[in-house]
Every structure is written in C-alpha cells, then in structure tokens.
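Hi everyone, thanks for coming. Please have a look at the picture on the screen, and then I'll walk you through it.

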Amino acid sequence: MFCKNCGKEIDDKASVCIHCGVAVTTAEVKDEKKVNAFGIAGFVVSLVSLYLGIYFCIASVVGLVLSIVGMVQAKKCRLNGLAIAGLVLGIISTVIWALVWIIVGAAIIAVV
C-alpha cells in the first residue's frame, strides 16, 4: 500500500508511515451482503398461497420454488430466515391443497 501523505510504499499492516510519520488509516471495507430477494418473494408467495391454493396449487408450488432458490442463494445474501419460513410455508401449503384436491377429486369420481 502507499502512504496518502508522501506517496511512498509502506507495509500493508503498518499503522504509521515510516517515511513521513503520518498515521495511516485503512479504509474498512464493509462486507454488506445483498438482500435475499428470492427468499422474500418465496415467503410472501407461500404465505399468500395458503389462501390461493384453490387455483390448482400453482401459488404453493411457485412459493416453494422461489424459497428453494432463496435457500440456494443463502450464502450470498441476508434475510435467510424468510427463505426458510417460505420453504416451510410452501411445503405446508402444497400438502394442504394437494389433500384438498385429492378429496375433491375423490368426491367427483364417487358422484359420477
């Protein structure tokens, strides 16, 4: 690294420039992670799918897929808890609405 005062090369771990004596401040790079958009979307869609599952369970499956993608991206992003919650809600919603459609299908077959 180079001293900002005199411009001469100094050790990367130095706290004071050995040439001019000025304190060296290293810019701290914050490791800010991106927001897990797929995890958030998966959570919201899975939550809404508890009510919209009647539409052929499409919302449940979409929420489940978005949550899975959010879980895959979990290492790169923040808010991973929402991806986990979306995954759980998506599984519950898919199972509930799959059972509803099986019961409805069995009732329709029994009537015919």
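Let me begin with a question: which residues in α2 are buried? They are Ala59, Ser60, Gly63, Leu64, Leu66, Ser67 and Gly70. Buried here means under 20% relative accessible area, while exposed is over 50% and partly exposed lies in between, with a 1.4 Å probe and protein chains only.

A word on where this comes from. This is a predicted model, in which local features need pLDDT of at least 70 and side-chain atom pairs count only at pLDDT 80 or more, while totals for chains, interfaces and linings use all residues. Residues are numbered from 1 along each chain as its sequence is written, and side-chain values use heavy atoms, leaving out hydrogens and water.

Now the overall plan. The chain has three helices and two strands, and along the sequence they follow the pattern β-α-α-β-α. Helices (H or I, at least four residues) and strands (E, at least two) are DSSP runs, numbered from the N terminus. Of the 112 residues, 25% count as buried. For contacts between residues at least 6 apart in sequence, 55% join residues at least 24 apart; contact means heavy atoms within 4.5 Å.

Back to α2. Its 15 residues should span 21 Å at 1.5 Å a residue, and its end C-alpha atoms are indeed 21 Å apart. The expected span is 1.5 Å times one less than the number of residues. The buried residues of α2 pack against α1 and α3.

Helix α1 covers residues 37-52, which makes 16 residues, and reaches 21 Å from first C-alpha to last, close to the 22 Å expected. Its buried residues include Gly39, Gly42, Ser46 and Ser49. Among what covers the buried residues of α1 are α2 (58-72) and α3 (80-111).

Just ahead of α1, in the loop that follows β1 (34-35), sits asparagine 36. Asparagine 36 has 0% relative accessibility, so it counts as buried. Its side chain reaches the backbone nitrogen of glycine 39 at 3.1 Å.

Next, please find serine 49 in helix α1 and serine 93 in helix α3. What joins their side chains? A polar contact does, at 2.9 Å. That term stands for a pair of N or O atoms within 3.5 Å; within protein, one must be able to donate a hydrogen and the other to accept it, and residues adjacent in sequence count only if both atoms are side-chain atoms. Why does serine 93 count as buried? Because its relative accessibility is 0%. Serine 49 is also buried, at 0%.

Leaving aside neighbours within four places in sequence, serine 49 is in contact with Ala59, Ser60, Ser93 and Trp97. On the same basis, serine 93 touches Ser46, Ser49, Leu50 and Ser60.

Finally, the outside. Met71, Ile84, Val88, Ile92, Ile96, Val100, Trp101, Val104, Ile108, Val111 and Val112 make a nonpolar surface patch of about 970 Å². Helix α3 gives the most to this patch, with nine residues. One residue of α3 is isoleucine 92, which is partly exposed, with a relative accessible area of 41%.

Terms used: Patch = residues over 30% accessible without salt bridge, like charges linked within 9 Å, V, L, I, M, F, W, Y side chains within 5 Å. Areas by Shrake-Rupley, 256 points an atom, 1.4 Å probe, with all protein chains shown as cover. Salt bridge = Lys/Arg side-chain N within 4 Å of Asp/Glu carboxyl O.
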